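Student: I have not met this structure before, and I would like to go through it slowly with you. Could we look at it together and take one part at a time?

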Amino acid sequence: MHDGKSIGKIPDWLLQSSGESSNGIENRSRAKTHFLRRTLKNIAGVLENELYCEKYAAKDSFLQIIDPRVKLCIFLAFLVFGGMAGKLAVLTVLAAVPIVYAGLSGLAVKDFFRRIWLVVPLAVFIVSLPGTSSLLIRGRPLFYLLPPGGLGLKEGLYFSAGGLGTAFRLMLRTGISLSFAFLLFLTTKWSKITAGLASMHLPPLVVSILNMAYRYLFLLAEIAQGMMEARYLRTTGKLKLSDNRHFMAHSAAYLFVEGHFVSEEVYEAMCCRGYTGNAVGLSASRIGQKDFIFLTMNAVILFLLIAGEHLK
Amino acid sequence: MTKNHGSPVFELDHVSFSYPGSRPVLRDIDFTIRQKERVCILGANGCGKSTLLKILAGILSPREGTFHAFQRKISGHDWNDDRFSSDYHRRVGFIFQNSEVQLFCSTVKDEIAFGLLQQKLPSDTAESRIRDISALLGIENLLNQTPFKLSGGEKKKVALASVLVMNPDVLILDEPTNGLDPRTQAWLIRLLNSLSAAGKTLISSTHNLELVSKISDRGILFAEDHRIASDSPIADLLGNADLLKSVNLVDESYGIGLK
Amino acid sequence: MHIPDGYLGPQTTIPGFAVMVPAWAVAFKKVKAKLERKNIPTLALCSAFSFLVMMFNVPVAGGSSAHAVGAVLIAILLGPWAATVSVSTALLIQALIFGDGGILSYGINCLNMAVVMPFTGYYLYKLIAGKSKIGSSRNIAASFFGSYFGLNIAAFCASVEFGIQPLLFQDAAGHPLYCPYPLSVSIPSMLFAHGMVAGPIEGILAAAAVTYIARVTPQIFSGNAAPESAGPVSFFQRYRNILIPIIAMIVLTPLGLIASGTAWGEWGTDEIKDALGYVPQGLASLSDQWNALMPDYSLPALGDGTFGSVAGYLLSAFAGILLISALIFLMSRLVTKGRKGTGRK
């Protein structure tokens with residue numbers, strides 16, 4: 001084709017219609033493509049997450065108009081407190097705080113709750129159950145899973161109040177951390193989060209790398225998505241495990257090479273606009289009255305929680 | 001060469017270039033581009049067009065031959081001088097074929113501001129320039145968006161804005177209409193012509209032969225052996241079907257439609 | 001291996017940051033010198049790559065799949081310091097946006113996956129590969145074992161961090177406040193999972209990726225090979241000043257934690273008492289977390305299973321949520337009203 005002469009004769013098999021031969025479809029369901037589907041789901045999650053967040057961060061209701069620096073500090077304070085608090089009641093109240101914020105900031109509360117609490121914290125809870133049963137934590141039995149003597153366990157298998165409390169505490173802490181992180185991201189554009197970090201004296205080099213990494217993440221994600229989709233659509237028969245592993249490894253390598261070339265070109269593009277090795281950015285916005293209200297009121301909430309933690 | 005517009009912007013004398021460990025991609029290139037000229041670089045895929053543009057834009061340095069820009073001889077170590085490099089890049093704007101690599105900031109506004117801030121312009125001057133250029137290109141509503149979600153046409157407009165905001169004397173465009181819909185193409189041609197009327201030098205490379213005569217007066221045609229096959233007014237070049245066929249830019253059917 | 005918040009107590013997570021801050025500072029200085037002006041785009045793309053590799057599910061025997069970390073691969077391609085920067089960036093984006101790994105445990109996660117893993121893996125790779133040609137079978141084997149052991153050493157660190165939690169943090173009744181699993185459980189289970197499943201995947205991914213890149217674009221390695229070719233011996237000499245304190249901190253952190261656990265609590269309240277003549281209730285409570293000073297401090301929520309304390313828990317949680325919701329609602333009114341007043345967008 002390149003010499004511009006002719007295309008050549010199209011082979012006969014390409015002209016034939018493959019028609020009803022259904023064995024391809026049958027084979028697909030038996031083909032081991034779960035790893036592809038999972039990878040694709042992960043990558044699609046990245047892209048979808050960004051769109052989801054952009055939708056909410058662009059609104060201008062409550063949390064969206066608070067200065068990102070103030071939000072960062074307050075949320076971090078809540079997080080640190082959550083990491084140290086021990087009372088279940090206090091942790092429960094703290095867990096409710098982001099949900100109330102989400103509701104007042106125009107986020108879909110049900111969705112917010114589902115995305116946070118039904119994934120990681122639930123898994124954390126389940127994983128910690130064996131460790132919080134009477135195998136590791138004894139006490140006055142609350143309820144038995146196995147009566148004493150069952151399966152050769154002299155005391156049986158039971159949960160004590162203290163053990164269950166530990167499991168709940170783990171779950172609550174994980175969920176609280178996730179809630180605040182997600183709330184920050186849903187109400188603040190990435191560029192504003194990094195601008196906030198920059199004004200909190202994170203070196204400009206780090207901020208530039210964070211920004212650019214986040215920006216090109218999507219480019220690489222799209223390239224990876226393309227590779228996985230092509231492979232998924234062409235996987236009609238059963239493939240050897242080692243072939244699949246090699247495919248994933250080669251995809252990763254290809255992605256690295258591609259990323260390397262993009263980085264070279266990005267560097268050239270930066271040079272073309274006078275880049276001399278110094279990272280600079282537009283100055284951040286100023287803290288206003290609304291931010292002071294937010295700051296003081298949250299300090300009050302935090303103080304109430306700390307007081308609650310100490311009250312008998 | 002056809003008209004003597006003004007003082008020379010770029011003068012190339014026996015320039016050759018090769019990437020380390022591979023065969024030359026430019027051989028013995030000679031030409032002069034003057035102020036206010038509209039030049040188009042033509043050639044089949046892989047003939048060295050992009051490499052040539054990168055030399056002009058100051059990203060690559062020639063292996064052999066001499067390269068003058070703005071009547072000054074440019075050598076490889078000039079680029080280590082930050083002031084020279086910064087000034088050169090302000091005067092020569094380069095629009096990449098792939099807008100994706102050119103939009104590396106997290107918002108459109110930061111993107112347009114990047115070149116200005118590298119020049120250490122004060123924030124308020126930068127802000128007002130950003131306002132003007134985004135009004136000119138009709139992208140005011142995109143300023144707070146992330147480049148990732150823009151359409152192809154919008155990306156090209158932002159890339160143009162980020163270069164034009166620095167008020168370059170020379171504008172170099174690598175395949176400017178690639179991936180643009182017909183309406184955006186027409187818009188781009190009008191924009192380029194008004195920039196040319198304002199005294200900018202335009203250098204572009206393209207495969208799109210319909211576009212060539214609308215954005216250039218002079219054509220530099222590359223042969224597949226990486227040498228210049230012809231350097232002549234664009235109308236003469238496009239009329240010479242045999243020449244275009246000889247460099248494998250067009251096939252047998254070219255020219256039938258013209259008659 | 002992404003540790004979520006809640007598993008680790010503050011006295012593990014805070015030293016995590018304390019170790020990482022100098023490590024990051026050195027890493028940035030190193031990569032800045034090595035990559036020169038290209039540092040920003042190269043590291044950014046590498047971080048994006050690292051992020052995506054953590055999303056790649058690789059099939060394992062038995063029909064399941066696991067994801068890789070890729071830290072050793074990046075170290076082989078660009079050097080261990082670049083891996084520290086890239087993986088840290090990727091982990092920060094994951095923690096902030098995808099809730100993968102906690103915020104408070106970010107320092108510890110970085111220590112495991114962005115420092116321990118690339119460095120141990122990389123120098124093991126160097127040791128095995130010797131002066132072999134990139135892409136040769138010895139070199140590929142080195143990539144495999146470097147990645148395999150890098151991941152497992154990182155997993156071992158994570159399991160130690162988990163395992164010391166029940167020793168460090170208990171309430172008065174002896175219930176663990178953070179991770180409930182002791183070392184005797186955490187180490188075998190983490191090492192089994194990583195040794196049998198995740199480790200081989202990490203190794204295969206790195207080995208195959210190195211093969212591919214050596215074949216397709218060998219010039220990528222050249223950027224790294226030159227300055228690092230001095231070998232492991234000179235490395236320790238060159239970076240001795242940084243490595244020894246880091247290793248010492250890693251070794252001493254668990255011991256220091258046990259010691260400081262009580263020291264901090266007592267020091268904190270007394271100091272404030274001296275200064276203010278009064279201990280704020282909240283602060284006293286905070287120090288209680290570490291040394292459980294209050295004799296009757298126990299879980300109020302489920303108490304000892306009595307109905308009364310469950311009801312008490314429900315009542316206090318409910319009242320607390322109501323009060324704080326009212327405050328937030330009021331604040332929302334004030335803030336959004338203020339916005340309309342000033343006419344900002």
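**A helix and its surroundings**

Tutor: Let us begin within chain B, in a model that is predicted, where the buried residues of helix 6 pack against strand 6 (92–95), helix 3, helix 4 and helix 5 (123–137) of chain B.

Student: How many of the 13 residues of helix 6 of chain B are buried?

Tutor: A residue counts as buried if 20 or more other C-beta atoms lie within 10 Å of its own. In helix 6 of chain B the residues that meet this include B:Glu154, B:Lys155 and B:Lys156, as well as B:Val163 and B:Leu164. Helix 6 of chain B is therefore described as mostly covered, and the number of its 13 residues that are buried is eleven.

Student: What should the 13 residues of helix 6 of chain B span, at 1.5 Å a residue?

Tutor: Helix 6 of chain B covers residues 152–164, and the expected span is 1.5 Å times one less than the number of residues. The C-alpha atoms at the ends of this helix are 18 Å apart, which agrees with the expected span of 18 Å.

**The sheet of chain B**

Student: Which strands of chain B stand at the edges of the open sheet?

Tutor: Four strands of chain B form an open sheet in the order 2-1-4-5, and their pairing is antiparallel. A strand at the edge has a single partner strand, so one of its sides is left without a neighbour in the sheet, and in chain B this holds for strand 2 (24–34) and strand 5 (72–73).

Student: Which residue in strand 4 of chain B does B:Glu11 stand opposite?

Tutor: Strand 1 (residues 8–18) and strand 4 (residues 64–69) of chain B pair in the antiparallel sense over five bridges. Opposite B:Glu11, in strand 4 of chain B, stands B:His68.

Student: At about what angle does helix 1 of chain B run to strand 2 of chain B?

Tutor: Helix 1 (residues 49–56) of chain B lies across strand 1, strand 2 and strand 4 of that chain. To strand 2 of chain B, helix 1 of chain B runs at about 55 degrees.

**Where the chains meet**

Student: Which helix of chain B gives the most to the side of chain B that touches chain A?

Tutor: In this interface 30 residues of chain B are in contact with 27 residues of chain A. Helix 2 (82–91), helix 3 (99–102) and helix 4 (108–118) of chain B each supply at least two residues of the side that touches chain A. With six residues, the element that gives the most is helix 4 of chain B.

Student: Which helix of chain C gives the largest share of the side of chain C that touches chain A?

Tutor: Chain C has twelve helices and two strands, and 89 of its residues are in contact with 100 residues of chain A. By class, the side of chain C that touches chain A has 58 nonpolar, 23 polar and eight charged residues. The largest share of that side, 17 residues, comes from helix 12 of chain C.

Student: Which residues of chain A is C:Leu52 in contact with, leaving aside its neighbours within four places in sequence?

Tutor: C:Leu52 is one of the residues that touch the most other members of the largest nonpolar core, which has 253 residues. The largest share of this core, 16 residues, comes from helix 8 (residues 161–187) of chain A. Leaving those sequence neighbours aside, C:Leu52 is in contact with A:Leu220, A:Ala221, A:Ala224 and A:Leu255.

Conventions. Residues numbered from 1 in each chain as written. Chains lettered and ligands numbered in written order. Predicted model: local features only at pLDDT ≥ 70, side-chain atom pairs only at ≥ 80, totals over all residues. Contact = placed C-beta atoms within 7 Å. Nonpolar A, V, L, I, M, F, W, Y, C, P; charged D, E, K, R; others polar. Core = buried A, V, L, I, M, F, W, Y, C linked by C-beta atoms within 7 Å. Buried ≥ 20, exposed ≤ 12 C-beta atoms within 10 Å, placed from the backbone. Pairing = 2+ DSSP bridges. Axes fitted to C-alpha atoms, helices over the stretch in contact; angles between N-to-C directions.
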